[in-house]
Amino acid sequence: MRLSSYNTTPAKSSSIYASVLHGPRDLRLETKTIEAPGSGELQIAVRKTGICGSDVSYYKKFANGDLCACHPLSLGHESAGEVVAIGPQVDGFRVGDRVALEVGVACGQCGICRKGRYNLCKKLRFRSSAKSYPHYQGTLQERINHPAVWCHKLPDHISYDAAALLEPLSVAIHAMNRAQPVPGSTALVIGAGTVGLLTAAMARQSGCTAVTITDIDAGRVNYAISKGFATHGYVINRSFGSGASTPGSGSLTPSSVFSTASQFDGAKSAAAEIFAVSHPPDEFILDEDEDGFDVTFECTGKEVSMHTSLYATKPGGKVIMVGMGTPIQTLPLSVAHLREIDILGIFRYANTYATGIRLLCSQKRGAAGSFPNLDDMVTHRFKGLDKAQGAFELASRTSDDDGNLVLKVVIEA
């Protein structure tokens, strides 16, 4: 049940419900006032919002990495909705249009914006992030006013669930644009969360013929293989002893991978084992001297994963830093130096939404090699902003109370 109604031609101001975080796990349902959309703005009734790992971090700690919230903050930035009102100076939209929201709003005027890399704009405001002050409030609100230029119209066959996932898909697209793998490349993706899965799918879409994905959760690795996101899987087991292997996957058990005393040796061993699983003896090997992947996408932000990335990449290859986690890391940089491995960072995305929408359109056409179904990635749905607390608690887990995989949790306003 929707908590309040709205008009397609709202008055100067009206009341809405919003989910607002006041501190660690202090989530409150509040009534707020929203003005009519201003010049260049659309008023959007938010239909679906996916919970991101950064949202979970804010929910648990009132901070994400070194970004600490300074005042109450509405979370949510993976969103899609419906146009319910149109402000002055807006063309090309009608009330009732379905849109995906690109929630990073750049200035559009600085040199970096004019070069097309607006994700690096120093004045960029990003919904649900504490990086700018006052914080740009997130999308866990019934309605928001958003610049029309950052609203992307959707065809009717793309669901709101899939449209919300265009945001993490954009991260994967941007990672691929930075990596520029050549057809026939091999790729390793470390981390099988939403971004990792979509990065693996984009690597296959970009012509990588072998894509290996690793994670500590066997359910996520199995999902990646069964749904066609990756060709090979490897389960990293943090406990001592042997972990159970599953078809299409290996299992890493030595505790040295997680030992600070032998972290580099452990990462080197892990890289070798992952490569061996990705190149079984019965598969044809074009180059007998090959000892690594052409490109590695590190999607966890963990220091040990970055170590593994460097050792797992072949000479002349690339490591793409996708995940944001440990801000200061100790790395075996001589590996990159002596093997001429390029280390490339990515920060969010730029100029990706049109590509993402076209990829989702390919699903309806049934095109050969069409993109995996994003709707399947939504494993749990919560209806109503008053259910947000339960949604965040579940999103911080990898399985629910019944043992089912938790992948993407979505809130319907």
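Which residue in S6 is the bridge partner of glutamine 43? In this predicted model, the partner is alanine 85. The pairing belongs to a wider arrangement around strand S3, to which the account returns after a description of the chain as a whole.

The protein chain contains 11 helices and 20 strands. Of its 413 residues, 52% are buried. The surface that the chain exposes amounts to about 18,100 Å², and carbon and sulfur atoms supply 52% of that area. Among contacts with a separation of 6 or more, 66% link residues that lie 24 or more positions apart.

Strand S3 covers residues 41-50 and takes part in several pairings. With strand S6, residues 78-86, S3 runs antiparallel, and 8 bridges join the two; the bridge between glutamine 43 and alanine 85 is found here. Strand S10, residues 143-147, also pairs with S3 in the antiparallel sense, over 5 bridges. In that pairing, alanine 45 stands opposite arginine 143. A further antiparallel partner is strand S20, residues 408-412, which is joined to S3 over 3 bridges. There, glycine 50 of S3 has valine 410 as its bridge partner. The burial of S3 can be stated in the same terms: because 9 of its 10 residues are buried, the strand is largely enclosed by the rest of the structure.

Strands S1 and S2 come earlier in the sequence. S1 comprises residues 13-23 and S2 residues 26-35, and the two pair in the antiparallel sense over 10 bridges. One of these bridges sets alanine 18 against glutamate 30 in S2. The two strands form a hairpin with 2 residues between them. In the turn, arginine 25 has a positive phi of about 60 degrees.

The helices offer a packing example. Two packed helices are described by the angle between their axes and the distance between the axes. For helix H1 (residues 53-61) and helix H11 (residues 388-395), the axes come within 10 Å and cross at roughly 110 degrees. Angles of 65 to 115 degrees count as roughly perpendicular, and H1 is therefore roughly perpendicular to H11. On the H1 side, the contact is made by Asp55, Val56 and Tyr59, while H11 contributes Gln389, Phe392, Glu393 and Ala395. Sorted by class, the contact of H1 with H11 has 4 nonpolar, 1 polar and 2 charged residues.

Two individual residues complete the description. Cysteine 121 lies in the loop between helix H2 (111-114) and strand S9 (125-126). Its relative accessible area is 7%, and because buried means under 20%, cysteine 121 is classed as buried. Leaving aside neighbours within four places in sequence, cysteine 121 is in contact with Ala106, Cys107, Cys110, Ile112 and Cys113. The C-alpha atoms of cysteine 121 and glycine 104 are separated by 9.8 Å, and these two residues are 17 residues apart along the chain.

Isoleucine 225, by contrast, is located in a helix, namely H6, residues 218-226. At 23% relative accessibility, isoleucine 225 counts as partly exposed. From isoleucine 225 to valine 211 the C-alpha to C-alpha distance is 9.9 Å, and the two are 14 residues apart in sequence.

Note on methods:
Residues are numbered from 1 along each chain as its sequence is written. This is a predicted model: local features need pLDDT of at least 70, side-chain atom pairs count only at pLDDT 80 or more; totals for chains, interfaces and linings use all residues. Side-chain values use heavy atoms; hydrogens and water are left out. Helices (H or I, at least four residues) and strands (E, at least two) are DSSP runs, numbered from the N terminus. Buried means under 20% relative accessible area, exposed over 50%, partly exposed in between (1.4 Å probe, protein chains only). Contact means heavy atoms within 4.5 Å. Accessible areas come from the Shrake-Rupley method with a 1.4 Å probe; for residues, only the protein chains shown count as cover. Axes are lines fitted to C-alpha atoms, for helices over the stretch in contact, and angles run from 0 to 180 degrees between N-to-C directions. Angles under 35 degrees count as roughly parallel, over 145 as roughly antiparallel, 65 to 115 as roughly perpendicular and the rest as oblique. Ala, Val, Leu, Ile, Met, Phe, Trp, Tyr, Cys and Pro count as nonpolar, Asp, Glu, Lys and Arg as charged, and the others, Gly among them, as polar. Two strands pair if DSSP finds at least two bridges between them.
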